[in-house]
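Subject: Handover of a structure and notes on its features

Dear colleague,

Please find the structure below, together with its sequence. My notes on what was found in it follow directly after.

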Amino acid sequence: MSRTSRALRAVRRALPLAATLFLASAANAQMGAPAPGSLDPYYKVCRGTDKSCYNDWGAFASTPNKVLIYSRTAGPRHANLGPALGPGLNPTLAPANAVQNGLIRLLAAEGITADWTEDVARMTSLNGYKAIIFASPTRDAPPTGPKTWPA
């Protein structure tokens, strides 16, 4: 018997086993997807959108519904941002500050309080906010923290 014949015979014997394994893995792929909210057995993570599968660990339990709008920019300033804001938190807004005024109005309609600033010094303590909205921060995003920002 030649080598080719032996190799062919080995392939013929292995073919049913390979086909069985392939079909079993295909069936598992179709049936093995975890239901929404269940734990993925391989990665041990939640899959889906079922809220019972997730836990926020009470991280925001004591934080009020408050957002910070940060609109400082070092590059070209979009017209909708209006004139640059003064220092501190919640400086006076002009009617031309369309982005800030619009966001404040939209958030208030949802029961969310908003603060606004372009003062980099206000970016050091952000624990009182559930979110920060960066409105067009061209060339002025904090790469390593406020100490490295341009004046």
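I begin with a single loop residue: at 33% relative accessibility, N90 counts as partly exposed, because that class lies between the limits of under 20% for buried and over 50% for exposed. Please bear in mind throughout that this is a predicted model. N90 is located in the loop between β1 and α2. Its backbone deserves attention: N90 has a positive phi of about 55 degrees, although it is not a glycine. As background, most residues other than glycine have a negative phi.

The loop between β1 and α2 also holds A74. With a relative accessible area of 47%, A74 is partly exposed. A74 and P137 are separated by 63 residues in sequence, yet their C-alpha atoms are 7.5 Å apart in space.

I turn next to the sheet. Three strands form an open sheet, in the order β2-β1-β3, and the pairing is parallel. The edge strands are β2 and β3 (131-134), each of which pairs on one side only. From one strand to the next, the twist averages 25 degrees. In general terms, strands of a sheet pair through backbone hydrogen bonds, either parallel or antiparallel.

Which residues face each other across β1 and β2? These two strands pair in the parallel sense over five bridges. V67 stands opposite A114 in β2, and W116 in β2 is the bridge partner of I69.

How buried or exposed is strand β2? Four of the five residues of this strand (residues 113-117) are buried, so β2 is largely enclosed by the rest of the structure. The connection leading to β2 is also defined: the chain crosses from β1 through helix α2 (residues 98-109) to β2, and this β-α-β crossover is right-handed.

Finally, there is a surface feature to report. Y42, Y43 and V45 form a nonpolar patch on the surface, and together they have about 380 Å² of accessible area. V45 lies in the loop between α1 (3-31) and β1 (66-70). The relative accessible area of V45 is 33%, and V45 is therefore partly exposed. This value also satisfies the requirement for patch membership, which calls for over 30% relative accessible area.

With kind regards

How values were computed. Residues are numbered from 1 along each chain as its sequence is written. This is a predicted model: local features need pLDDT of at least 70, side-chain atom pairs count only at pLDDT 80 or more; totals for chains, interfaces and linings use all residues. Side-chain values use heavy atoms; hydrogens and water are left out. Patches are made of residues with over 30% relative accessible area and no salt bridge: like charges are joined within 9 Å, nonpolar side chains (Val, Leu, Ile, Met, Phe, Trp, Tyr) within 5 Å. Accessible areas come from the Shrake-Rupley method with a 1.4 Å probe; for residues, only the protein chains shown count as cover. A salt bridge is a side-chain nitrogen of Lys or Arg within 4 Å of a carboxyl oxygen of Asp or Glu. Buried means under 20% relative accessible area, exposed over 50%, partly exposed in between (1.4 Å probe, protein chains only). Two strands pair if DSSP finds at least two bridges between them. A crossover is right-handed if, with the strands pointing away from the viewer, the path from the first strand over the helix to the second runs clockwise. Axes are lines fitted to C-alpha atoms, for helices over the stretch in contact, and angles run from 0 to 180 degrees between N-to-C directions.
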